[in-house]
Amino acid sequence: QVQLVESGGGLVQAGGSLRLSCAASGRTYTTWPKGWFRQAPGKEREFVASISWSGQVTYYADSVKGRFTISRGNAKSTVYLQMNSLKPEDTAVYYCAAGTSDSVFDGFSSWGQGTQVTVSS
């Protein structure tokens, strides 16, 4: 079992930046944080970005490509999401996701509690 704790959310004006962090604890030798999802009010949870174990492969949703950057800490048990040029439509609860496979496309099996990001216009 792995536990995921997100931090870094908050209120920011459009055009601003935030950096989200996800720290994993527990069985991080078999399950590691590898992606971010988000869920806006009244909408389904959607994929935002993912990263391989090595950090060399990343994958982004079209809606955030060029604005968001996912990265992994040296300890491998932490992932970050740098969000620049934020838009009101980025407002959502952001969830960290972990898995046991190195695929950046699937295999998300554990979830954090989420952190709220609100972008004002």
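## Burial and overall build

Of the 121 residues in this protein chain, 44% count as buried. Keep in mind that we're looking at a predicted model. The accessible surface adds up to about 6,200 Å², and carbon and sulfur atoms own 47% of that.

As for secondary structure, the chain has eleven strands and zero helices. Read from the N terminus, the order is simply β-β-β-β-β-β-β-β-β-β-β. The radius of gyration is 13 Å, close to the 14 Å the globule rule gives for 121 residues, so the chain is as compact as a globular protein of that length. Along the principal axes, the C-alpha atoms fill a box of roughly 40 × 25 × 25 Å.

## Contacts and charges

Take the contacts between residues at least 6 apart in sequence: 58% of them join residues at least 24 apart. On the charge side, there are 11 positive and 8 negative charges, and their mean positions sit 6 Å apart.

## The disulfide

The structure has one disulfide. Cys22 and Cys96 are the partners, with an S to S distance of 2.0 Å. Strand β3 (residues 18-26) holds Cys22 and strand β9 (residues 92-99) holds Cys96, so the bond ties together parts that are 74 residues apart in sequence. The link between Cys22 and Cys96 is left-handed, at -80° about the S-S bond.

Are these two cysteines buried or exposed? Cys22 is buried, at a relative accessible area of 0%, and Cys96 is buried too, with 0% relative accessibility.

## Around the cysteines: Ser110 and Ser77

Which residues does Ser110 contact, once neighbours within four places in sequence are set aside? The list is Val2, Leu4, Thr31, Cys96, Ala97 and Ala98, so one of the disulfide partners, Cys96, is on it because its heavy atoms come within 4.5 Å. Ser110 itself belongs to strand β10 (residues 110-111). Its relative accessibility is 18%, and since buried means under 20%, Ser110 counts as buried.

Ser77 has a link to the other cysteine. Leaving out residues up to four places away in sequence, Ser77 touches Cys22, Ala23, Ala24, Thr28 and Pro33. Ser77 sits in the loop between β7 and β8, yet at 18% relative accessibility it counts as buried.

## Two loop residues with positive phi

Most residues other than glycine have a negative phi. With that in mind, have a look at Lys76, where phi is near 70°, a positive value in a residue that isn't glycine. Lys76 is in the loop between β7 (68-72) and β8 (78-83), and its 24% relative accessibility makes it partly exposed.

Ser85 is the other one to check: its phi is positive as well, about 50°, although Ser85 is not a glycine. You'll find Ser85 in the loop between β8 and β9. Its relative accessibility is 40%, which counts as partly exposed.

## Loops on either side of β10

Where does Thr100 sit? It is in the loop between β9 and β10, and it is partly exposed, with a relative accessible area of 48%. Not counting residues up to four places away in sequence, Thr100 touches Thr30, Thr31, Trp32 and Gly107. Thr31 is a shared name here, being among the contacts of Ser110 and also among those of Thr100. For a sense of spacing, the C-alpha atoms of Thr100 and Glu6 are separated by 19 Å, with their positions 94 residues apart along the chain.

Gly114 is in the loop between β10 and β11 (115-120). With a relative accessible area of 25%, Gly114 is partly exposed. Glu6 turns up again here: beyond neighbours within four places in sequence, Gly114 is in contact with Glu6, Val93, Tyr94 and Tyr95. Gly114 and Phe37 are 77 residues apart along the chain, and their C-alpha atoms are separated by 9.2 Å.

Technical notes
Residues are numbered from 1 along each chain as its sequence is written. This is a predicted model: local features need pLDDT of at least 70, side-chain atom pairs count only at pLDDT 80 or more; totals for chains, interfaces and linings use all residues. Side-chain values use heavy atoms; hydrogens and water are left out. Helices (H or I, at least four residues) and strands (E, at least two) are DSSP runs, numbered from the N terminus. The radius of gyration is taken over C-alpha atoms; the globule rule is 2.2 Å times the number of residues to the power 0.38. Buried means under 20% relative accessible area, exposed over 50%, partly exposed in between (1.4 Å probe, protein chains only). Accessible areas come from the Shrake-Rupley method with a 1.4 Å probe; for residues, only the protein chains shown count as cover. Lys and Arg count as positive and Asp and Glu as negative; His and the chain ends are not counted. The place of a charge is taken as NZ of Lys, CZ of Arg, CG of Asp or CD of Glu. A disulfide is a pair of cysteine sulfur atoms within 2.5 Å.
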